[in-house]
Amino acid sequence: MSSFNLIGGSAIVGLLCLLYSLHFSQASVHDYSAEKFASKGNVFVVHGGSEGIYSSAPNLNQSSSNADSFIRFEKIIFRRPEEFSNFSSGSIHAVVFEVDDRETIGGSAYGGQRAVCCTADLAKLGVCKQGEIIHRPSTNNHGWPRVFGASFGIDELEAKLQPRTLHITKTGMYNVYFMHCDPNLKEVVVEGKTVWKNPTGYLPGRMAPLMKFYGYMSLAFVLLGIFWFSQYARFWREVLALQNCITLVITLGMFEMALWYFDYAEFNETGVRPTGITVWAVTFGAVKRTVARLIILMVSMGYGVVRPTLGGLTSKVLLLGGTFFLASEVLELVENVGTVSDFSGKARLFFGLPVAILDAFFILWIFTSLSATLNKLQARRLLAKLDIYRRFTNALAVTVIVSVGWVCYELYFKSTDVYNERWQNAWIISAFWQVLSFALLCVICALWAPSQNSMRYAYSDDSEEFDKDMTLTLIKPSPLPTKDVRSPSDMKSTPGGDGTSNLGDVVEDKTE
């Protein structure tokens with residue numbers, strides 16, 4: 001027996017966790033509809049789900065089902081074709097373990113290749129039965145992992161797993177796998193469902209904090225809306241087209257946050273994500289992000305401030321906005337509607353890459369346009385508009401820097417948490433982007449809030465005439481001196497003279 005080393009840390013089980021950790025199902029009711037077993041090493045597996053589950057709160061009445069955390073197996077049936085039914089089989093196992101106990105599944109003899117199924121060499125040593133799953137008790141979680149199963153008799157087409165409920169007494173990331181070691185059962189499929197529950201409801205543990213988060217975000221948008229709409233109502237005669245666009249973004253944000261909250265609340269009650277609410281939440285979010293980017297781009301171009309229209313750029317701006325909306329909508333639908341495990345990591349990259357490229361293009365175009373607009377305002381000495389644009393530029397620069405830093409942190413977080421052991425903090429990744437975009441919106445609202453002075457930031461023909469006069473003054477030749485040349489002091493005192501005109505322009509410019 002001493003020659004056998006049952007090494008914890010099965011490489012195959014670790015690989016399975018790694019492969020499926022990024023493809024968890026976003027439904028606490030996991031349905032299996034003719035799921036086929038896949039070969040991984042010397043074992044055949046079907047991934048039944050991975051979710052973070054909190055242990056039942058000790059101060060709650062454990063006799064109440066609402067206080068329990070559990071994984072329940074309901075109507076699990078293994079089916080095989082009739083042509084493969086002329087033999088009895090070994091067990092098809094359901095294996096349930098917490099991610100910290102992944103090393104208790106599988107082992108190896110003499111430090112050789114690790115395996116999940118008991119091999120002939122291990123069976124000869126008498127430490128396991130050939131064809132069974134290798135597992136040993138956890139030292140951290142008494143009674144785990146849980147391994148149980150069902151087998152086929154001769155000519156039987158179905159093998160039923162007895163219904164059971166596994167109560168969760170330790171907080172952790174739990175995994176369910178269906179496994180078997182018999183190559184003759186490669187055509188077997190799994191049907192039925194498992195139900196996963198936390199003490200507060202059916203939301204997966206990593207998503208549970210998001211329901212409260214979107215509740216708070218809904219309140220934040222309401223407060224922002226109260227401020228903005230009150231200013232809008234007071235100075236509605238002074239409202240600019242830009243401020244109407246900001247009003248639209250705030251309204252879309254209020255609807256988006258409310259829909260996400262109701263989406264998670266419904267999910268928490270039933271265990272199944274409501275497709276209709278999710279689609280609406282995703283759509284409102286995609287429209288809001290698109291409109292917000294277009295507004296920032298148009299403001300950066302000086303629309304309504306130094307130019308009355310976008311001219312020939314209008315079609316290009318609309319094309320970029322439409323493309324971004326479609327790419328963002330598709331990505332969000334794929335990520336949030338149905339189950340995440342419906343598509344692979346490559347598919348997620350395929351849908352996410354266009355959004356990232358379009359975002360980069362937006363940033364490049366925005367800052368290029370801002371540079372040109374700032375130069376125009378500085379050349380025309382429109383000091384009030386120049387000041388607000390500088391503040392706007394600083395806010396955007398800070399947002400971009402923070403975004404790049406957070407992307408680096410997100411990559412670090414995901415690369416160092418391959419088994420989702422830090423699942424309790426994973427919700428912060430997506431919540432951060434909502435907070436950052438809301439903060440930028442608040443800055444924009446503070447800079448462009450409706451007021452009695454709003455019109456001084458609007459485009460005016462006077463500024464264009466001023467620019468034209470300045471240009472003509474610089475290029476026209478000086479008049480020839482005559483006997484009637486007046487002194488500078490006389491010119492300043494003469495009503496309607498050039499000195500008065502230029503001084504008036506300067507005063508007007510400072511007022512701007």
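Here's a quick look at the overall build of this protein and at two of its loop residues.

This is a predicted model, so local features need pLDDT of at least 70 and side-chain atom pairs count only at pLDDT 80 or more, while totals for chains, interfaces and linings use all residues. Residues are numbered from 1 along each chain as its sequence is written, and side-chain values use heavy atoms, with hydrogens and water left out.

The protein has 12 helices and 10 strands (DSSP runs numbered from the N terminus: H or I of at least four residues for helices, E of at least two for strands). Of its 512 residues, 45% count as buried, where buried means under 20% relative accessible area, exposed over 50% and partly exposed in between, with a 1.4 Å probe and protein chains only. Take contacts (heavy atoms within 4.5 Å) between residues at least 6 apart in sequence: 80% of them join residues at least 24 apart.

Now for the two loop residues.

| Residue | Loop between | Relative accessible area |
|---|---|---|
| Ser69 | strand 3 (43–53) and strand 4 (70–79) | 0%, buried |
| Glu187 | strand 9 (172–180) and strand 10 (189–197) | 35%, partly exposed |

What does Ser69 touch, not counting residues up to four places away in sequence? Its partners are Ile53, Tyr54, Ser55, Ser56, Leu166, His167, Ile168, Lys197, Asn198 and Pro199.
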